[in-house]
Amino acid sequence: MPLIRIWVYDGILASGVAGIVDVFTAANSVTARRPRRRSDMPSQLRWRVESLNGRPVQTASGQVIGVDGPIGARSSADAVVIPGPFVGDIERFFARLDTVEPLLAALRRQHERGTLLASYCTGSFILAEAGLLDGRVATTHWAKGRTFAMRYPAVDLRVAEILTEQNRIVCSGAVTTSLNLALRLVEKFAGADVAAETGKLMLIDSNRISQASYVSRTSDTQHSDALVARAQSLMEKSLQRGFSLARLARDLSVSERTLNRRFKLAVGEAPLQYLQALRVDVAKRLIETTRLKLDAVSGRVGYNDLSTFPSSVQARNRAFAPRIPASVRAQGPR
């Protein structure tokens, strides 16, 4: 019977633990219903929720999670799941040395023993801080991608992906992808058939492969350059008209070279790249919050040719279109 340890600590999200346990519970239910006629039938999963001191932990919402015992770096396990901390400033989390250092040491020890490690969202930072992701692929929450890439340049970060796996380490995106992460563990330890049936039973979308349609330009782009902030504001107000770096620089009373250099330093990309991503972000918000048809959305953000509209926006449109009757959507915004 495979054993999966879930290592918890103060400040995590309750759903990131309860959701994983619920997936394992459902998988065992699926397995139990299957006739046992073969010797290779999948085993029931076992799990333990553990904390550093063996005492309950308090989640970010104030809920208390009970545990089954203390974390043991040398304890045997088939997999260890480390939830991500729910924090706005990851530096503050890593300042909690009494929590972080024992976790890092225990994770290194488990990986050396051949244990599979899994985490989601900001939990990828913990794995990277332990040095376990250097030279390996990983993902994290899309809004933390830039921070992660700057802090861990040796990691092959693929922030658009929902799930990554290499060398017995599995990472996934935001907290809801912890369900996808749990399904991957079910697949590994109980089989693909059990995982597929569990996913259907719990309505878990296992077809999600990208975070791209969720990305917002308003997140993880904080900076202190007032000139660039003014440029960003002007760009958002003039999405429908064609972009001209010369015109934008003239409006801001600076040279194109200065604007381009300041923009790259503050935002991490050139103005044109930023504008294209901004158009995609605004288009997705329009799809989610208005009744505009796709061609109208396209025109609002400066894409006059619908065939050139990015695939992530078209995917978002397909996801939201069924929620509003076509006859109503055709009327446009109220």
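Colleague: Which helices each supply at least two residues of the lining of the largest cavity?
Modeller: This is a predicted model, in which local features need pLDDT of at least 70 and side-chain atom pairs count only at pLDDT 80 or more, whereas totals for chains, interfaces and linings use all residues. Residues are numbered from 1 along each chain as its sequence is written, and side-chain values use heavy atoms, with hydrogens and water left out. With helices taken as DSSP runs of H or I of at least four residues, and strands as E runs of at least two, both numbered from the N terminus, the elements that each give at least two lining residues are helix 8 (226-237) and helix 9 (245-251).

Colleague: How much space lies in the largest cavity?
Modeller: A cavity is a set of points, on a 1 Å grid over the protein atoms alone, where a 1.4 Å probe fits but cannot get out, and its lining residues have an atom within 4 Å of a point. Grid points are joined across faces, edges and corners, and the volume is the space filled by probe spheres set on them. The structure holds one cavity of 30 Å³ or more, and the space in the largest cavity is about 100 Å³.

Colleague: Which helix gives the largest share of that lining?
Modeller: The lining includes Arg247, Leu248 and Asp251, together with residues such as Met235, Phe243 and Leu275. By class it has five nonpolar, three polar and three charged residues, where Ala, Val, Leu, Ile, Met, Phe, Trp, Tyr, Cys and Pro count as nonpolar, Asp, Glu, Lys and Arg as charged, and the others, Gly among them, as polar. The largest share, three residues, comes from helix 9.

Colleague: What length does helix 11 reach from its first C-alpha to its last?
Modeller: Helix 11 covers residues 271-289, and its 19 residues would be expected to span 27 Å, the expected span being 1.5 Å times one less than the number of residues. Among its buried residues (under 20% relative accessible area with a 1.4 Å probe, protein chains only) are Tyr274, Leu278, Asp281 and Lys284. Close to the expected value, the helix reaches 26 Å.

Colleague: Which are the edge strands of the open sheet?
Modeller: The open sheet has seven strands in the order 5-2-1-6-7-11-10, with mixed pairing, two strands being paired if DSSP finds at least two bridges between them. At one end, strand 2 (residues 46-51) pairs in the parallel sense with strand 5 over two bridges, and Glu50 stands opposite Gly69. The strands that pair on one side only are strand 5 (69-70) and strand 10 (163-166).

Colleague: Which residues of strand 6 are buried on the side opposite Ala79 and Val81?
Modeller: Strand 6 (residues 79-82) runs parallel to strand 1 (residues 3-8), joined by three bridges, and it pairs in the parallel sense with strand 7 (residues 116-120) over four. Ala79 stands opposite Ile4 of strand 1 and also opposite Leu116 of strand 7. In a regular strand the side chains alternate between the two faces of the sheet. Both faces of strand 6 are covered, and on the other side from Ala79 and Val81 the buried residues are Val80 and Ile82.

Colleague: Which residue's backbone oxygen does the side chain of Thr177 reach?
Modeller: Thr177 is found in the loop between strand 11 (169-172) and helix 6 (178-190), and it counts as buried because its relative accessibility is 2%. Its C-alpha is 9.2 Å from that of Arg208, which is 31 residues apart in sequence. At 2.5 Å, the side chain of Thr177 reaches the backbone oxygen of Ala174.

Key: Buried < 20%, exposed > 50% of the residue type's maximum accessible area, 1.4 Å probe, protein only. 1 Å grid on protein atoms, 1.4 Å probe; cavity = no way out; pocket = protein on both sides within 12 Å on 5 of 7 lines; lining within 4 Å. Polar contact = N/O pair within 3.5 Å; in protein donor to acceptor, adjacent residues only side chain to side chain.
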